[in-house]
Amino acid sequence: MSVRPPQSFRQSEQDKNGFNVLEYELMSERADSLGRHGLKVEAALAALKAWTPDRQSAEDREKLLNEASDAVWAFFIQREICGLRNNRDAIQRYGIPNEVIARLGAMRK
């Protein structure tokens with residue numbers, strides 16, 4: 001019977017060929033992209049909240065809703081790429097309104 005050291009102590013082929021370095025860089029890019037998308041969502045939702053019927057038209061609000069739904073849709077896709085499948089916490093954290101969620105993925109003319 002032979003005794004082998006645990007695999008965590010053994011140098012793997014992945015360490016030798018740089019795979020872990022590449023995977024680390026990819027994870028870093030995914031996280032950075034998720035942060036950029038989050039900032040876009042915050043900006044779009046802030047613009048939507050700043051809309052007032054006194055100074056802007058209903059068409060402006062429609063445009064803001066479309067921009068917010070596009071930003072949230074891209075953010076949700078990026079979250080899925082990062083392995084985050086449940087969006088309930090993001091909806092709560094960013095305070096995404098239901099009318100924006102209702103437009104997610106909608107194709108406009």
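How many Å should the 24 residues of helix α3 span, and how far apart are its end C-alpha atoms? Keep that question in mind as you look at this predicted model; the points below start with the whole chain and then turn to α3.

1. **The overall plan.** The protein chain holds five helices and zero strands. Reading along the sequence, you meet the pattern α-α-α-α-α. Of the 109 residues in the chain, 23% are buried. The accessible surface comes to about 8400 Å², and carbon and sulfur atoms account for 53% of that area.

2. **Contacts along the chain.** Take the contacts in the protein chain with a separation of 6 or more: 64% of them join residues that are 24 or more positions apart.

3. **The length of α3.** Now for the opening question. Helix α3 covers residues 58-81, and at 1.5 Å a residue its 24 residues should span 34 Å. The end C-alpha atoms are 35 Å apart, which agrees with that expectation. Just after this helix, glycine 83 takes a positive phi of about 95°.

4. **The buried side of the story.** Several residues of α3 are buried, including Leu64, Leu65, Ala68, Val72, Phe75 and Phe76. The list also has polar names in it, among them Asn66, Ser69, Gln78 and Arg79. A general point helps when you read such a list: an α-helix has 3.6 residues a turn, so residues three or four places apart point the same way.

5. **The nonpolar core.** The largest nonpolar core has 17 residues, and Val72, Phe76 and Val100 have the most contacts inside it. Helices α2 (19-49) and α3 each supply at least two of its residues, with α3 giving the most, seven residues. Leaving out residues up to four places away in sequence, valine 100 touches Leu45, Leu48, Leu65, Ala68, Ser69 and Val72. In soluble globular proteins, nonpolar side chains tend to be buried together.

6. **A buried arginine.** Is arginine 79 of helix α3 buried or exposed? Its relative accessibility is 7%, so arginine 79 counts as buried. Beyond its neighbours within four places in sequence, arginine 79 is in contact with Leu34, Leu84, Asn86, Asn87, Asp89 and Ala90. Glycine 35 is 44 residues away from arginine 79 along the chain, yet their C-alpha atoms are separated by 9.9 Å.

7. **A nonpolar patch on the surface.** Trp73, Ile77 and Ile81 make a nonpolar surface patch of about 290 Å². Isoleucine 77 lies in helix α3, and with 40% relative accessibility isoleucine 77 counts as partly exposed.

Definitions and conventions:
Residues are numbered from 1 along each chain as its sequence is written. This is a predicted model: local features need pLDDT of at least 70, side-chain atom pairs count only at pLDDT 80 or more; totals for chains, interfaces and linings use all residues. Side-chain values use heavy atoms; hydrogens and water are left out. Helices (H or I, at least four residues) and strands (E, at least two) are DSSP runs, numbered from the N terminus. The expected span of a helix is 1.5 Å times one less than its number of residues. Buried means under 20% relative accessible area, exposed over 50%, partly exposed in between (1.4 Å probe, protein chains only). Patches are made of residues with over 30% relative accessible area and no salt bridge: like charges are joined within 9 Å, nonpolar side chains (Val, Leu, Ile, Met, Phe, Trp, Tyr) within 5 Å. Accessible areas come from the Shrake-Rupley method with a 1.4 Å probe; for residues, only the protein chains shown count as cover. A salt bridge is a side-chain nitrogen of Lys or Arg within 4 Å of a carboxyl oxygen of Asp or Glu. A nonpolar core is a set of buried Ala, Val, Leu, Ile, Met, Phe, Trp, Tyr and Cys residues joined through side-chain atoms within 4.5 Å. Contact means heavy atoms within 4.5 Å.
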